[in-house]
Amino acid sequence: MKIITSFIVLTAALFITSHTVNAAETISSGDLIKASTPAVYYYGADGKRYVFPTEKTFLSWYDNFDSVKTITDAELASLPIGGNVTYRPGVRMIKITTDPKTYAVGTNGILRHITSEEIAVALYGSDWNTKIDDIPDTFFVNYNIGDPITNVSQFTPADATSAATNINSDKGLTTSPPDTCTDCDEPPEPGTMNFSVNDPNPRPGDTITFTANANESEGVQMIKILVDENLVTTCNNTTICTGNYPIPLITDSNTLTARAEATFINQTSKAQEIQIQVEETTLTSGVKIYADRTNVKVGQSTGITVDAQDIIVKRIEIFVDGAGKAVCESGSRTCKYSLTPDGGIGTFVTLHGIVTDSIGRTYRSENLTVTVTENDSPLVTIQADKNYVYTGESLNVTVTASDQDGIQYLEILDQNRQILKHCDGAAPCTYNIGPWNETGAYTFYGRAADAMDATDEQSTVVTVTNP
Amino acid sequence: MMQRIIAAFSSIAMIASLFMPMSAKALTFNPGTLIKGQSYSAVYYFAEDGKRYVFPNEKTYFTWYENFDNIVIVDDRTLGVIPIGGNVTYRPGKKMVKITTDPTVYAIDVGGVLRAIGSEELAQTLYNINWNQQIDDLPDAFFINYKMGSPIATAAEFKPADVMNSVSSISENKGFTSTEAAISIGDTMTGFVPSSITVKVGTTVTWTNQDSKPHTVKGDGFQSPNLEYRESFNRTFNQVGSYQFYDTYNESMVGNISVIN
């Protein structure tokens, strides 16, 4: 930094002595400018000068200082400072020393958290860690945090760089229209409005709460809250207005636009919009949830398993009474959680699983209830000796069960819950089925009853294909 | 120039740390506390919005504080969980500033608003005979942290001592009120940051997930939905008491809010 600044001082000095004592150069929007001090500025389309906070910021946009034009100190002083230049999008990644997150830079200084090393490698190559600049904490405020990059398709460094052709376009700077009215009566300033929602990503059936907070020195006449132009609530003569809105189970679009409109006593008004993105969660039989036992004794635990089929799994979450309890992010199709309900006899908890796929779609299982009872249900397992068979083949299905009270009987049922075989006592119960003629997927249930008549069921699926 | 200032600032902070009691696991700090990381020298102001504010240079720091006493040291991971909210501006009224490339001298009003002082006479009326020793050069890159206000027309408009006394803290200067507080949700290593705070009755506490994994906040009588990265949940505490809360995903992540009158 020091070397380069002295370099500028030197060239600038040479330039001035050798070339001219005439008026300084004419400058136009997009020029790099300096005066007698070494600092170089970007002359924006809005007539303001923009500061390069660090040398590295400059070098993300320019290879050298060749095109810097020199103007007089008085001219420079007459140009107000518009702000700081941010890194050219895509060129380098940045971080701050006191935060482990690494960010890619998007348009106009939007920072996008790179969430994994794999993504960093995919975007910036195997030497990605040589392409990170530490920026001082003090300049972090020049940037805005955007959405994290969780998938390589969400950011392409080269495209981001080429889209930002210059600092004017990156910052969206335009020539401001001439001020035609300098001395006339200013219209009253509108008041302020702060509109928020407790949950911008609700699911169908959720109720969301909007809060609109409006202020103006003379007072607020009315605040209205609307969702997709439908009135949710109207509040008169108050600065804070809240309204509840239940998200419909079926909507035309997953995006709702909520708007708050405030009318002030001084006859000005102010409106603010929020986009509500309804999380589309598909209820699907492809996500199954089951418990090792659905009746547990007080203090007893049971394994809960969520299985996803035909979904490219990114994450599986298990919810107990609506609260997330376990999250599996290994990409495995199965997620397990050990549940110990904390209520007394007669209480129950409701569980469901949510699977997020690799592109962010979510799928939900049916609800499963686990009840706390005096007697726990038997622990049942059902197994087929083969889960994939060809037409013409046969297979054995075996049910076993255990329980402290002893097993009264075991049963094997078909997918219509017709009993195929009934076995008294605790010995394993096996049923031979086949030969199979029709292809398809068939579910078998194993059921067991303990000595106190508590029953439980588990299932297994057999797929029949043509050879 | 700027680097030199920051370097000097850092070294002072380092010296300060030598005299401070080490309380690395101190996770109890309220809005308005000065914090620093264990191995970093920079000192931050922890505000009501749960964010840390950067002192751009030593001069800014010393308009608010006389020394480096009462700084809470947190471990580096914990510091990383707290997002940066912005930069601290000069204490209003305390000093005048200018930038090197513009001769205009500005007084600083509440909220980091710059007000041009039009003449030497006016500067002398406001800041006495030695007014020209009370002007700091503001690096260009920090100019953007300030807002431009109207010029000061008459001395009656701006009384430096009154302006200075009208704000007692950085929070007040930034417009935060004591009816808000915020907690960042980190990972299982850091937990909630801070994990314990004391607030007044009527305060709204906002929890924001700063971790890439989902978390929740559950306490007696309140429960958040699943919070993904950067999602928030808030609750207003209208009753005196001690409110424990935890993350249903990771029940080892616990915190406490003491609500007092």
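Here are some questions and answers on a predicted two-chain model.

Me: How does the model score on ipTM and pTM?
Reply: Keep in mind that we're looking at a predicted model. Its two scores are ipTM 0.82 and pTM 0.65.

Me: Where in chain B is confidence lowest, and where is it highest?
Reply: Chain B has a mean pLDDT of 87, and 90% of its residues reach 70 or more. Over residues 1-26 of chain B, though, pLDDT stays under 50, and the model has 36 contacts beyond four places in sequence for that stretch. By element, the lowest mean is 42, in helix H1 (residues 2-19) of chain B, and the highest is 96, in strand E2 (residues 43-46) of chain B.

Me: What share of chain B's residues count as buried, and what share of chain A's?
Reply: Chain B comes to six helices and 19 strands, while chain A comes to six helices and 35 strands. For exposed surface, chain B has about 11,300 Å², with 52% from carbon and sulfur atoms, and chain A has about 23,700 Å², with 50% from those atoms. As for burial, the share is 53% of the 261 residues in chain B and 43% of the 467 residues in chain A.

Me: In chain A, what share of the contacts with a separation of 6 or more comes from residues 24 or more positions apart?
Reply: Take chain B as a reference: there, residues 24 or more positions apart account for 67% of the contacts with a separation of 6 or more. For chain A, the share is 63%.

Me: Which residues of chain B lose the most area to chain A?
Reply: The interface brings 41 residues of chain B into contact with 42 residues of chain A. Between them the chains bury about 3,100 Å², 55% of it on carbon and sulfur atoms. On the chain B side, 18% of the buried area comes from three residues together, the ones that lose the most: Thr101(B), Tyr229(B) and Tyr249(B).

Me: Which strand gives the largest share of the largest nonpolar core?
Reply: That core has 24 residues, and those with the most contacts inside it include Ile304(A), Ile318(A) and Leu351(A). Among the elements giving two or more residues to this core are strand E21 (302-308), strand E22 (313-320) and strand E25 (348-357) of chain A. The largest share, four residues, comes from E22(A).

Me: How many residues are in the other core, the one with Met193(A) and Cys241(A)?
Reply: This core lies apart from the largest one, and Ala262(A) and Ile276(A) are also among its residues. In soluble globular proteins, nonpolar side chains tend to be buried together. The count for this other core is 23 residues.

Me: Is Phe210(A) buried or exposed?
Reply: Phe210(A) lies in strand E12 (residues 207-215) of chain A. Beyond four places in sequence, Phe210(A) touches residues including Phe195(A), Ile225(A), Val227(A), Cys241(A), Tyr245(A), Ala258(A) and Ile276(A). One of these, Ala258(A), is 48 residues away along the chain, yet the two C-alpha atoms are separated by 8.7 Å. Because its relative accessibility is 0%, Phe210(A) counts as buried.

Me: Which strands sit at the edges of the five-stranded open sheet in chain A?
Reply: The strand order is E9-E6-E7-E8-E10 (chain A), with mixed pairing. At one end, two bridges join strand E8 (residues 110-113) of chain A to E10(A), and these two run parallel; Ile110(A) has Asn144(A) as its bridge partner there. The edge strands, which pair on one side only, are strand E9 (132-134) and strand E10 (144-145) of chain A.Me: Which peptide bond in chain B is cis, with omega near -10°?
Reply: Most residues other than glycine have a negative phi, and most peptide bonds are trans. In chain A, the bond from Gly434(A) to Pro435(A) is cis, with omega near -5°. In chain B, Pro194(B) lies in the loop between strand E12 (192-193) and strand E13 (196-200). The cis bond there runs from Val193(B) to Pro194(B).

Me: Is Glu229(A), with its positive phi, buried or exposed?
Reply: Glu229(A) has a phi of about 70° although it is not a glycine. Its place is the loop between strand E13 (220-227) and strand E14 (230-236) of chain A. With a relative accessible area of 55%, over the 50% cut-off, Glu229(A) is exposed.

How values were computed: Residues are numbered from 1 along each chain as its sequence is written. Chains are lettered from A and ligands numbered from 1 in the order in which they are written. This is a predicted model: local features need pLDDT of at least 70, side-chain atom pairs count only at pLDDT 80 or more; totals for chains, interfaces and linings use all residues. Side-chain values use heavy atoms; hydrogens and water are left out. Buried means under 20% relative accessible area, exposed over 50%, partly exposed in between (1.4 Å probe, protein chains only). Contact means heavy atoms within 4.5 Å. Accessible areas come from the Shrake-Rupley method with a 1.4 Å probe; for residues, only the protein chains shown count as cover. pLDDT is the predictor's confidence in each residue, from 0 to 100. A nonpolar core is a set of buried Ala, Val, Leu, Ile, Met, Phe, Trp, Tyr and Cys residues joined through side-chain atoms within 4.5 Å. Two strands pair if DSSP finds at least two bridges between them. Buried area is the accessible area (1.4 Å probe) that two parts lose on being put together, summed over both.
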